[in-house]
Amino acid sequence: MEKIVPRPRFLEKLIKFREVDVIKVVTGVRRCGKSTLFELFIEHLKQAGVEESQIIHINLEDVNMEHLHDYHALNEFLVNKLQKERMTYIFIDEVGRCPGFEKAVDSIYIKKNTDVYITGSNADLLSGELATLISGRYVEIKMLPFSFAEFYEANENKDKNRAFIDYLNIGSLPVVVTQLKSDMELSDQYLEGIYNTVIVKDVVSRKGISDIGLLKNIVKYLCSNVGSSISTANITGYINNSGRKITQKTVDKYIKALVDSFLFYNVERYNIKGKNLLKTLGKYYIVDTGLRNHLLSSANLDTGHQIENIVFLELLRRGYRVNIGKIDEREIDFVAARQNTKEYYQVSLSALDEPVRERELAPLLKVSDNYPKYLLTLDFISGDYEGIKQINLIDWLLL
């Protein structure tokens with residue numbers, strides 16, 4: 001049985017927006033915990049005095065709900081369950097399974113005393129007609145698999161260093177963490193199933209992609225080059241050199257489909273001095289390091305890039321907009337911004353060696369503003385170098 005692990009960062013957002021007059025849209029890769037988040041929030045509502053009759057929760061991936069894959073039927077089903085004089089809380093998982101769902105969602109949303117929450121596993125959910133119908137009337141909550149703090153909470157081994165090694169190896173998808181971490185064969189089978197489901201349901205079928213073999217080659221290329229500056233021209237050349245002939249336009253289309261499925265994240269470069277985004281040589285990070293490990297041979301794994309990937313995802317969880325920093329000819333791993341503040345991060349396995357430490361600190365020292373600057377490493381030391389704080393990565397993840 002799956003252990004329910006608290007997801008405080010995401011749960012607090014739902015609580016904050018309770019009964020606010022917007023549609024709450026929870027997005028994220030398949031099996032990252034969106035349905036469980038709804039369960040946690042529903043339990044919170046019940047503890048706050050909301051009665052069972054005020055809650056409607058349906059999952060449109062459930063075969064028993066296939067009759068609701070028509071938006072007229074979905075609307076009628078929901079209308080018949082609305083409370084007349086009390087608030088009705090409506091939760092619809094994988095709403096995109098219903099063609100034309102946006103009409104039913106908008107119809108329910110405009111009715112009196114309704115509070116609407118939906119989930120989806122593809123960025124298409126907030127494009128097209130839905131965006132037009134509910135423009136300015138929704139809030140998106142971008143969900144990710146377990147943070148290391150959540151992983152640690154679920155982990156019976158309370159040694160944080162051992163737990164972090166496990167986190168690197170098996171990743172952060174909830175079912176793997178809570179049920180399968182002791183059986184690598186079952187874990188691999190589950191990850192393969194998730195991967196194929198994302199590829200088939202959220203990429204191929206939604207985007208009209210016909211060449212699954214090419215798509216999987218691009219996935220492996222992105223996995224192998226996590227944290228490296230790449231362009232679609234790089235990928236096109238790599239595939240053409242392997243004997244296949246494709247265009248850069250095709251590669252662009254396939255990569256966009258992978259990003260829209262939340263399997264990968266594209267991070268643009270930011271010119272710190274010029275204060276503008278650069279359109280060339282961005283980086284890609286994968287949503288789960290365990291999935292990357294599954295797709296690549298152990299010979300291709302790079303712990304340095306793995307931890308960089310983990311830091312990127314953690315910054316997203318903490319609500320930052322993240323870019324790669326460029327200052328003169330040097331690079332800062334992450335420029336993290338939210339509201340009116342920024343933070344700068346360098347990530348390295350170790351900075352005990354003085355030349356390595358100087359190399360990592362050099363770009364941060366070039367930044368002239370007074371925003372916080374950090375060097376995250378796996379070293380068991382902390383320090384302050386001209387205002388740059390060196391922090392142990394594991395401790396930072398548990399903050």
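This is a chat about pockets, a helix pair and aromatic rings in a predicted model.

Visitor: Let's start with empty space. How much space lies in the largest pocket?
Guide: About 890 Å³. This is a predicted model, by the way.

Visitor: OK, and which residues are closest to its centre?
Guide: Those are E140, K142, L316, G319 and Y320, out of 31 residues that line the largest pocket.

Visitor: Which elements give two or more residues to that lining?
Guide: Two strands and three helices do: β5 (138-142) and β6 (264-271), plus α1 (8-16), α12 (248-260) and α14 (303-317).

Visitor: What's the lining like by class?
Guide: The largest pocket is lined by 15 nonpolar, ten charged and six polar residues.

Visitor: What about the second largest pocket, how much space is there?
Guide: About 280 Å³. It has 17 lining residues, and R31, K34, S35, T36 and N59 are the closest to its centre.

Visitor: Which element gives the most to that lining?
Guide: α2 does, with four residues. Helix α2 spans 34-47, and β2 (55-59) and α8 (174-180) also give two or more residues each.

Visitor: And the classes there?
Guide: Seven charged, six polar and four nonpolar residues line the second largest pocket.

Visitor: Switching topic: how do α10 and α12 pack?
Guide: Helix α10, residues 212-224, packs against α12 at an angle of about 70 degrees, and the axes are 10 Å apart.

Visitor: So what do you call that arrangement?
Guide: Roughly perpendicular, because angles of 65 to 115 degrees count that way.

Visitor: Which residues meet?
Guide: From α10 you have L214, L215, I218, V219 and L222. On the α12 side they meet T250, V251, Y254, I255 and L258.

Visitor: How many of those are nonpolar, polar or charged?
Guide: Nine are nonpolar, one is polar and none is charged in the contact of α10 with α12.

Visitor: Last thing: how many aromatic pairs are there?
Guide: The structure holds 18. One of them is F164 with Y167, whose ring centres lie 6.5 Å apart.

Visitor: Why is that pair called tilted?
Guide: The planes are at 40 degrees, so the pair is neither stacked (under 30) nor edge-to-face (over 60).

Visitor: Where do F164 and Y167 lie?
Guide: Both are in helix α7 (residues 160-170), three residues apart, or about one turn of the helix.

Technical notes
Residues numbered from 1 in each chain as written. Predicted model: local features only at pLDDT ≥ 70, side-chain atom pairs only at ≥ 80, totals over all residues. Heavy atoms only, no water. 1 Å grid on protein atoms, 1.4 Å probe; cavity = no way out; pocket = protein on both sides within 12 Å on 5 of 7 lines; lining within 4 Å. Points joined across faces, edges and corners; volume = space filled by probe spheres on them. Nonpolar A, V, L, I, M, F, W, Y, C, P; charged D, E, K, R; others polar. Axes fitted to C-alpha atoms, helices over the stretch in contact; angles between N-to-C directions. Parallel < 35°, antiparallel > 145°, perpendicular 65-115°, else oblique. Contact = heavy atoms within 4.5 Å. Phe/Tyr/Trp six-rings, centres within 6.5 Å; stacked < 30°, edge-to-face > 60°.
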